[in-house]
Structures are given as C-alpha cells and as structure tokens.
Amino acid sequence: MKILIVRVSSLGDVVHNMPMAADIRRHFPGAQIDWVVEEAYTSLVRLNPHIRTIIPIALRRWRKTLFSAATRAEISAFRSALRAEQYDLVFDTQGLMKTSVVMRMARLAPGGKRVGLANATEGSGYEPISRIFHDQSIKVGLHTHAVTRAGLVAAGALGYTLDDEADFALQAPPQQRFAWMPEQPYAVFFHGTARAAKQWPQAEWIRLGQALSARGLPVLLPWGSKKEQQAAQALAAGIPGAQVLPALPLMEAVSLVQQARLVVGLDTGLTHIAAAYCKPTIELYCDSPRWKTEGNWSSNIINLGDTGAAPGGEEVLNAVERLLA
C-alpha cells in the first residue's frame with residue numbers, strides 16, 4: 001500500500017503529524033509512506049524512519065515570485081515529482097484550500113481515494129471548501145488534540161482504532177559538537193513568539209534563569225528574529241552565565257533540543273520538538289489553548305497555563321524541581 005501525507009506547515013503541526021506515520025505502520029507494516037512538506041522542514045521529516053520519500057514544496061517562497069520563469073519551472077518540477085507515484089491513499093490533515101489542491105494533484109492508484117478532515121477544531125484555520133477534493137471526510141471532535149486529529153484521519157480511512165500512545169519515531173540527528181555548545185549539561189529557553197499575548201514576562205524568565213544558574217545549569221537562548229535576538233540579549237544580561245546563541249539552522253536547533261538537560265518554552269515548534277523527543281520539557285501556555293498541543297504522552301513533559309492564564313513563576317520553578325529531581 002502506498003500512502004501520501006500532505007502536511008506542509010507549520011513546524012509544530014508537522015511535528016504533531018508524525019505519530020500518524022507510526023500508527024499506519026503499526027497496523028500495516030508494509031505500507032510505503034511519502035510526505036509533502038515545506039522545503040524548510042524536510043530535514044526534520046527525514047529523521048522519521050517511517051517516511052520513504054519526502055516531496056518538498058515551497059509555497060511560502062513561490063508566493064513572492066509566482067509569475068517568474070524560475071518559480072514556474074520549480075512548480076512544474078514539483079508537480080512531476082508529486083505525480084511520479086500512484087497512491088492508494090492521499091491524506092490532507094491540514095484542511096486548507098492550498099493543501100487540498102496539492103492532494104488533488106497527486107495521482108491515485110485504481111481504487112485509491114483522497115481523505116481529509118470533515119470539520120474544524122476550535123480555533124483552527126480549517127477551510128470547509130477543502131472538502132470538494134475529498135473522497136472521504138473524517139469528522140473529529142471540536143476539542144481534539146493535534147496529534148489525535150491527524151491520527152483519526154488515517155484510522156478512519158484504514159479502519160483501525162486509534163488506541164496507542166503517540167510515537168513520534170524521531171531519530172536523533174548525527175551527534176555533533178558545535179562551537180556554541182557547552183561541555184556541561186545545559187537548559188534551553190524558547191522565549192520567542194510572534195504574538196505578544198503568548199509571551200511570558202521577562203522578569204519571570206530572568207528569575208527562572210537565575211535559579212538554574214545557581215544549580216550550575218547554564219541557560220542557552222536561541223532566537224529567530226532580530227526582535228527575539230534583542231529579547232535574548234536582555235535576558236542574558238540578567239542571568240549569570242546565560243549564552244545568546246547565533247542564528248541556528250533547523251538541524252542545529254534540533255541538536256540543541258536533543259542534547260539539552262531541560263527545555264522551557266512557549267507554545268512554539270521547537271518546544272514541541274523537545275516534547276516529541278520526551279526531553280524534560282516545560283511547555284508554557286500564556287494565551288493559547290493547552291488542549292490543542294500539550295505534550296500528554298510522557299511524564300517528562302509538564303504543561304502549564306492556558307488561554308488567558310499564564311503560569312506563575314513559582315509554579316514553573318516547582319515544575320523545574322520535579323523534572324530535575
């Protein structure tokens with residue numbers, strides 16, 4: 001059986017889609033699974049041994065130069081790669097018009113079908129028009145976790161019950177020591193987020209960092225934009241021994257996570273990667289619904305806060321004590 005997953009973005013959603021592949025292979029060990037994903041995330045999906053072929057797509061980049069000859073040539077090459085195989089099942093777990101069009105472009109084997117979501121979960125970007133390309137639409141509950149939502153699409157199409165714990169199957173990237181990596185164990189703060197309401201107070205980050213520094217655990221501060229870099233520098237000024245990292249490619253960021261002693265982060269993709277690896281992780285929900293993405297598959301993960309209810313400093317310090325005990 002040949003299966004194609006269409007889940008192109010975002011980083012956290014790609015991570016939460018990965019257990020779907022392990023579920024399929026658990027019930028159908030011979031299944032061959034391919035994946036269409038944004039070009040920036042291909043290296044991450046490559047760490048999942050259940051995926052046979054990765055087909056990169058560059059929607060974010062193509063939108064900027066849609067009518068250039070080079071972009072049209074890339075789109076044509078993508079379409080050829082997508083149609084090189086005939087699939088028994090094509091899954092769109094994103095539920096957008098753009099992803100359903102990609103689903104429609106894929107070739108089906110005789111008797112094959114295209115399967116997607118029948119409805120939105122609360123607050124999702126689901127577009128009902130995407131259903132026009134489905135042969136089967138799977139209904140999910142209004143408050144369905146992102147991992148479960150993707151799993152239900154496959155389970156509904158393939159006729160099995162989704163009853164196992166999430167298996168992300170993420171392999172460790174090749175072991176490397178980078179110039180920025182300390183010799184001793186370290187903590188990572190994923191403090192940056194695009195939306196101000198999702199941020200945790202700077203004073204609380206500093207207080208937490210000082211507590212970790214007192215335990216001999218240096219704090220590393222990655223960033224993804226100029227504004228986040230400035231925030232990291234402000235945090236480092238108040239945390240003894242803290243280190244502002246250089247700009248990291250995705251696989252270096254994954255290595256940063258995978259080798260960390262502790263990760264504390266907001267509701268962002270890299271925090272969810274730490275949870276997928278079952279690293280000691282504290283996920284901070286300051287203004288997003290916890291039920292959507294919380295790491296609920298390991299006792300190494302502690303989820304704090306919720307929409308409009310940011311966790312307090314003492315609560316986070318207590319969680320750190322539990323994970324480091």
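A disulfide is a pair of cysteine sulfur atoms within 2.5 Å. By that rule, this predicted model holds zero disulfides. The views below look at single spots in the structure.

**View 1. Two cysteines in a structure with zero disulfides.**
Cys 278 sits in the loop between helix 10 (269–276) and strand 11 (281–285). Its relative accessible area is 30%. Cys 278 is therefore partly exposed. The backbone is worth a look here too. Cys 278 is not a glycine, yet its phi is positive, about 60°. Cys 286 has a relative accessible area of 5%. That value makes Cys 286 buried, because buried means under 20%.

**View 2. The salt bridge between Lys 2 and Glu 85.**
Side chains of opposite charge can pair when their charged atoms come close. How far apart are the closest N and O atoms of Lys 2 and Glu 85? The distance is 3.0 Å. The pair links distant parts of the chain, 83 residues apart. Lys 2 belongs to strand 1, while Glu 85 lies in the loop between helix 4 (69–82) and strand 4 (86–92). Is Glu 85 buried or exposed? At 19% relative accessibility, Glu 85 counts as buried. Lys 2 has a relative accessible area of 27%, so Lys 2 is partly exposed.

**View 3. The salt bridge between Arg 26 and Asp 164.**
Here the N to O distance is 3.4 Å. Arg 26 lies in helix 1, and Asp 164 lies in the loop between helix 6 and strand 7. The pair therefore ties together parts that are 138 residues apart in sequence. Arg 26 is partly exposed, with a relative accessible area of 35%. Asp 164 is partly exposed too, with a value of 40%.

**View 4. The salt bridge between Asp 287 and Arg 195.**
The two side chains meet at 2.9 Å, N to O. Which loops does this pair link? Asp 287 is in the loop between strand 11 and helix 11 (290–293). Arg 195 is in the loop between strand 7 and helix 7 (202–214). These are distant parts of the chain, 92 residues apart. Asp 287 is partly exposed, with a relative accessible area of 21%. Arg 195 counts as partly exposed at 38%.

**View 5. A network of salt bridges around Lys 2, Asp 34, Arg 52 and Glu 85.**
Salt bridges that share partners join these four residues into one network. Lys 2 and Glu 85 also appear in View 2, as a salt bridge of 3.0 Å. How many salt bridges does a search of the whole structure find? The count is 14.

**View 6. A patch of positive charge on the surface.**
Arg 60, Arg 63, Lys 64 and Lys 98 gather here. One of them, Lys 98, is found in helix 5 (residues 97–105). Lys 98 has 34% relative accessibility, so Lys 98 counts as partly exposed.

**View 7. A cis peptide bond between Ser 9 and Ser 10.**
What is the omega angle of this bond? Omega is about -10°. Ser 10 lies in the loop between strand 1 (2–6) and helix 1 (11–27).

**View 8. A positive phi at Ala 169.**
Ala 169 is a residue other than glycine, and its phi is near 55°. Where is Ala 169 found? Its place is the loop between helix 6 (146–158) and strand 7 (187–190). Ala 169 is buried, with a relative accessible area of 14%.

**View 9. Val 6 and Leu 142, set 22 Å apart, C-alpha to C-alpha.**
Val 6 is found in strand 1. Its relative accessible area is 0%, so Val 6 is buried. Along the chain, Val 6 and Leu 142 are 136 residues apart.

**View 10. Ala 197 and Asn 48, set 33 Å apart, C-alpha to C-alpha.**
Ala 197 is found in the loop between strand 7 and helix 7. Ala 197 is partly exposed, with a relative accessible area of 40%. In sequence, Ala 197 and Asn 48 are 149 residues apart.

Notes:
Residues are numbered from 1 along each chain as its sequence is written. This is a predicted model: local features need pLDDT of at least 70, side-chain atom pairs count only at pLDDT 80 or more; totals for chains, interfaces and linings use all residues. Side-chain values use heavy atoms; hydrogens and water are left out. Patches are made of residues with over 30% relative accessible area and no salt bridge: like charges are joined within 9 Å, nonpolar side chains (Val, Leu, Ile, Met, Phe, Trp, Tyr) within 5 Å. Accessible areas come from the Shrake-Rupley method with a 1.4 Å probe; for residues, only the protein chains shown count as cover. Lys and Arg count as positive and Asp and Glu as negative; His and the chain ends are not counted. The place of a charge is taken as NZ of Lys, CZ of Arg, CG of Asp or CD of Glu. Helices (H or I, at least four residues) and strands (E, at least two) are DSSP runs, numbered from the N terminus. Buried means under 20% relative accessible area, exposed over 50%, partly exposed in between (1.4 Å probe, protein chains only).
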